[in-house]
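Me: I have a model open and would like to learn how to read its aromatic contacts and one of its helices. Where do I start?

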Amino acid sequence: PATTSTPEQRLATAAMCGDGTCNFLCSCLCAYLVPPLGVFWRLGCGLEFWICLVLTFLGYIPGIVYAVCVIGCEPPTAKACEPIVGEAQHAAVAPPAGAAVAS
């Protein structure tokens, strides 16, 4: 079933996904101090994070260059941008087949 989201839920989702200016600036600051942390802040623990971690171990400057390129050029992943679901929507979900229903 399709669910509709309220403007508040869309706003919370956008804030979680790292679309905001404050989040972008924090990830840039983290990327300058500890490059893998900035990538993790912005994109999560994906392939980009591990590449940045290896480059940082090989040398601080390659880690910073990669982190700046990834943070500046790549939007947050859609996987991290799942909408927040309220308690009322959880209650509307049917129990799995074969589950006992209390009355």
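Reply: Start with the aromatic cluster, keeping in mind that this model is predicted. Phe40, Phe49 and Trp50 make up one such cluster.

Me: How many aromatic pairs are there by the ring-centre rule?

Reply: Rings pair if their centres lie within 6.5 Å. The count here is 2 aromatic pairs. One of them joins Phe40 and Phe49, with 5.9 Å centre to centre and 65° between the planes.

Me: Why is the pair of Phe49 and Trp50 called edge-to-face?

Reply: Planes over 60 degrees apart count as edge-to-face. The planes of Phe49 and Trp50 stand at 75°, so this pair is edge-to-face, and the ring centres are 5.0 Å apart. The pair of Phe40 and Phe49 is edge-to-face too.

Me: Is Phe49 buried or exposed?

Reply: Buried means under 20% relative accessible area. Phe49 has 13% relative accessibility, so Phe49 counts as buried. Phe40, at 41%, counts as partly exposed, and so does Trp50, at 46%.

Me: Now the helix. What span does H5 reach from its first C-alpha to its last?

Reply: A helix is expected to span 1.5 Å times one less than its number of residues. H5 covers residues 60-73, 14 residues in total, and reaches 20 Å, close to the 20 Å expected.

Me: Which residues in H5 are buried, and what do the buried residues pack against?

Reply: The buried residues of H5 are Gly63, Ile64, Tyr66, Ala67, Val70 and Ile71. They pack against helices H2 (21-33), H3 (35-43) and H4 (47-58).

Methods
Residues are numbered from 1 along each chain as its sequence is written. This is a predicted model: local features need pLDDT of at least 70, side-chain atom pairs count only at pLDDT 80 or more; totals for chains, interfaces and linings use all residues. Side-chain values use heavy atoms; hydrogens and water are left out. Rings of Phe, Tyr and Trp (its six-membered ring) pair if their centres lie within 6.5 Å; planes under 30 degrees apart count as stacked, over 60 as edge-to-face and the rest as tilted. Buried means under 20% relative accessible area, exposed over 50%, partly exposed in between (1.4 Å probe, protein chains only). Helices (H or I, at least four residues) and strands (E, at least two) are DSSP runs, numbered from the N terminus. Contact means heavy atoms within 4.5 Å.
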